[in-house]
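Hi,

Here's the structure I said I'd pass on. Have a look when you get a minute, and my notes are underneath.

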Amino acid sequence: MALKAVLLLLAIVLVTTKVVYADTSVPGTYPPKAPPPPPVPPVKPPTPVPPPVVKPPAPVPPPVYKPPAPVPPPPVKPPAPVAPPVYNPPAPGPPPVYKPPVPVPPPVYKPPVPVPPPVYKPPVPVPPPVYKPPVPVPPPVYKPPVNPPVQPAPPLPPVKSRKDCIPLCDTRCSLHSRPNICKRACLTCCDRCKCVPPGTFGNREKCGKCYSEMRTRGNRYKCP
């Protein structure tokens, strides 16, 4: 088998070398001589290996069946006979002595003790309460309040010129609804009467009739 494979391989190599040489040849030239093929080494056929000897398995003797040894049954002891119980009849006792019931004496009836009636006591009259008239409380003595000593009013600031009237009229007309008209009338009255009453209203009588009686053309009081 190996020899055939080697020969087939050599044949394939020779064929391929010829084909290659034929393709590479130039016209008009001789192909070069092919080198001699190398000597083929002698191929030794493989030594046939003898097949291994198969030994049939040794027959196994079948196991010897031994029947089980018979087990002797355990000895059975019959039960011992039980003696029946002996019945002893009860000894006859003396008959019971009958005692008649003792008669219970009837209860003695006692009449109820009479309860004396309650003694009626008339109620003790309660004396009426003695009326005491209320003690009259004297009316409180009215003490008139002690009035503090009236201090004399401070004297009115002196008015010498119209310039002295300006600060007095500013104070007099500070709460007026129309302060400009009030100041104009106040300056006129102050210039004529040389006086301006204290405070923001009233007290016109302190400047005399000159201030309190001065009237406008419409017969109204002119000085504020």
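Below is what turned up around two helices and a pocket. Keep in mind that this is a predicted model.

Helix 3 first. This helix covers residues 179-193, and at 1.5 Å a residue its 15 residues should span 21 Å; the end C-alpha atoms sit 20 Å apart, so the two agree. Its buried residues are Cys182, Ala185, Cys186, Leu187, Cys189, Cys190 and Cys193. As you know, an α-helix has 3.6 residues a turn, so residues three or four places apart point the same way. Among the things covering those buried residues are helix 2 (162-172) and helix 4. Right after helix 3 comes Lys194, with a positive phi of about 55 degrees.

Next, the second largest pocket, which holds about 160 Å³ of space. Its lining includes Ile181, Cys182, Arg184, Ala185 and Thr188, and Cys182 and Ala185 also appear among the buried residues of helix 3. The rest of the lining is His176, Arg178, Lys222, Cys223 and Pro224. By type, the lining splits into five nonpolar, two polar and three charged residues.

Last, Ser212, which sits in helix 4 (residues 208-212). Is Ser212 buried or exposed? Its relative accessibility is 15%, and the cut-off for buried is under 20%, so Ser212 counts as buried. A polar atom of its side chain lies 3.0 Å from the backbone oxygen of Gly208. If you skip neighbours within four places in sequence, Ser212 is in contact with Arg204 and Tyr221.

Cheers

Key
Residues are numbered from 1 along each chain as its sequence is written. This is a predicted model: local features need pLDDT of at least 70, side-chain atom pairs count only at pLDDT 80 or more; totals for chains, interfaces and linings use all residues. Side-chain values use heavy atoms; hydrogens and water are left out. Helices (H or I, at least four residues) and strands (E, at least two) are DSSP runs, numbered from the N terminus. Buried means under 20% relative accessible area, exposed over 50%, partly exposed in between (1.4 Å probe, protein chains only). A polar contact is a pair of N or O atoms within 3.5 Å; within protein, one must be able to donate a hydrogen and the other to accept it, and residues adjacent in sequence count only if both atoms are side-chain atoms. Contact means heavy atoms within 4.5 Å. On a 1 Å grid over the protein atoms alone, a cavity is a set of points where a 1.4 Å probe fits but cannot get out, and a pocket is an open set with protein on both sides within 12 Å along at least five of seven lines; lining residues have an atom within 4 Å of a point. Grid points are joined across faces, edges and corners, and a volume is the space filled by probe spheres set on the points. Ala, Val, Leu, Ile, Met, Phe, Trp, Tyr, Cys and Pro count as nonpolar, Asp, Glu, Lys and Arg as charged, and the others, Gly among them, as polar. The expected span of a helix is 1.5 Å times one less than its number of residues.
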